[in-house]
Amino acid sequence: MPIAALDDPRVRQELLAWRAKVAEVSVLREADNCLSIVSSMLSWARESGDLLHNHVIGFKRLYKNNRADALWQPDHIKAFCAVAPVELQRALMLALHTGQRQGDILALTWTNYDGHYITFRQGKTGVRVEIPCTTELKRMLDGLPKTASVILTTKTGRPWTAFHFRHAWKAAALKAGIDGLHFHDLRGTAVTRLAEAGCTLPEIAAITGHSLRSVNAIIEKYLSRTRHLADQAISRLENGQRSDFANTLQNPANPVKGRKSK
């Protein structure tokens with residue numbers, strides 16, 4: 001297309017139609033990714049002065065994925081650790097106890113750990129987080145050999161590449177019989193565990209690195225409605241209202257004799 005055509009508002013429909021054709025021969029996510037690349041190119045051209053507008057920016061995606069209920073349950077963790085190499089078990093531990101993304105966890109160096117806190121700047125958002133280590137996580141980190149500058153290494157002591165780690169993790173998960181759960185779901189699992197422990201939204205945000213302004217939306221995405229949370233809510237309700245209702249309501253199965261109903 002000539003530049004003049006890319007600056008014409010009608011090009012949006014042309015590119016959306018092209019995305020639809022890609023979706024016919026590929027998966028929806030891949031079609032969305034193709035249009036995202038085009039949108040990035042148009043945004044670059046706009047910033048460089050070659051275009052006046054990016055007419056596909058903010059397009060509605062075909063692929064929708066809400067993994068709020070995709071949680072690593074204790075049985076999943078036990079099954080994974082039973083077959084996974086110790087190097088992957090360490091990654092699981094870090095993700096579960098910090099709630100961080102795969103890229104940030106693989107990039108952690110020993111300089112980010114002072115014996116009590118893990119402090120670093122997130123790669124995706126640039127947010128600086130300072131995470132206090134749980135007793136279990138501290139025990140693991142203190143016992144690890146420092147064979148490289150990074151904390152997590154392969155069996156040969158080399159830093160993980162994203163490609164190598166992703167395929168090794170997938171292989172271990174399949175061997176453990178885990179289907180439908182990804183490494184990133186550990187982030188949502190960590191958020192849920194913090195909520196189940198009674199942490200407030202600002203406290204959860206301090207660990208995960210989300211801004212307070214967006215934390216409500218993030219919690220909606222990651223926090224699964226679990227039975228534990230429901231039991232906890234009812235327990236608090238009963239404890240708070242027990243004194244108010246104790247002398248008001250009578251057990252219908254054992255009504256008080258001599259009292260007439262009105």
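User: What makes S39 of helix α3 count as buried or exposed in this model?
Analyst: S39 is found in helix α3, residues 28-47, where helices are DSSP runs of H or I with at least four residues, strands are runs of E with at least two, and both are numbered from the N terminus. The relative accessible area of S39 is 9%, and S39 is therefore buried, since buried means under 20%, exposed over 50% and partly exposed in between, with a 1.4 Å probe and protein chains only. S39 touches N54, V56 and I57, leaving aside residues up to four places away in sequence; a contact means heavy atoms within 4.5 Å. This is a predicted model, in which local features need pLDDT of at least 70 and side-chain atom pairs count only at pLDDT 80 or more, while totals for chains, interfaces and linings use all residues. Residues are numbered from 1 along each chain as its sequence is written, and side-chain values use heavy atoms, with hydrogens and water left out.

User: Why are α5 and α8 called roughly perpendicular?
Analyst: These two helices pack at an angle of about 95 degrees, with their axes 11 Å apart; axes are lines fitted to C-alpha atoms, for helices over the stretch in contact, and angles run from 0 to 180 degrees between N-to-C directions. Angles under 35 degrees count as roughly parallel, over 145 as roughly antiparallel, 65 to 115 as roughly perpendicular and the rest as oblique, so α5 and α8 are roughly perpendicular to each other. On α5 the contact is made by L88, A91 and L92, and on α8 by F165, A168, W169 and A172.

User: What makes a set of residues the largest nonpolar core here?
Analyst: A nonpolar core is a set of buried Ala, Val, Leu, Ile, Met, Phe, Trp, Tyr and Cys residues joined through side-chain atoms within 4.5 Å, and the largest such set has 39 residues, with W72, F80, L94, I118, L141, I151 and W169 having the most contacts inside it. Helix α5 gives the most to this core, with seven residues. Another core, of 10 residues, lies apart from it and includes L15, V38, L42 and V56.

User: How do you know how many disulfides the structure has, and how are C133 and C199 classed?
Analyst: A disulfide is a pair of cysteine sulfur atoms within 2.5 Å, and a search of the whole structure finds zero. C133, at 17% relative accessibility, counts as buried, whereas C199, at 27%, counts as partly exposed.
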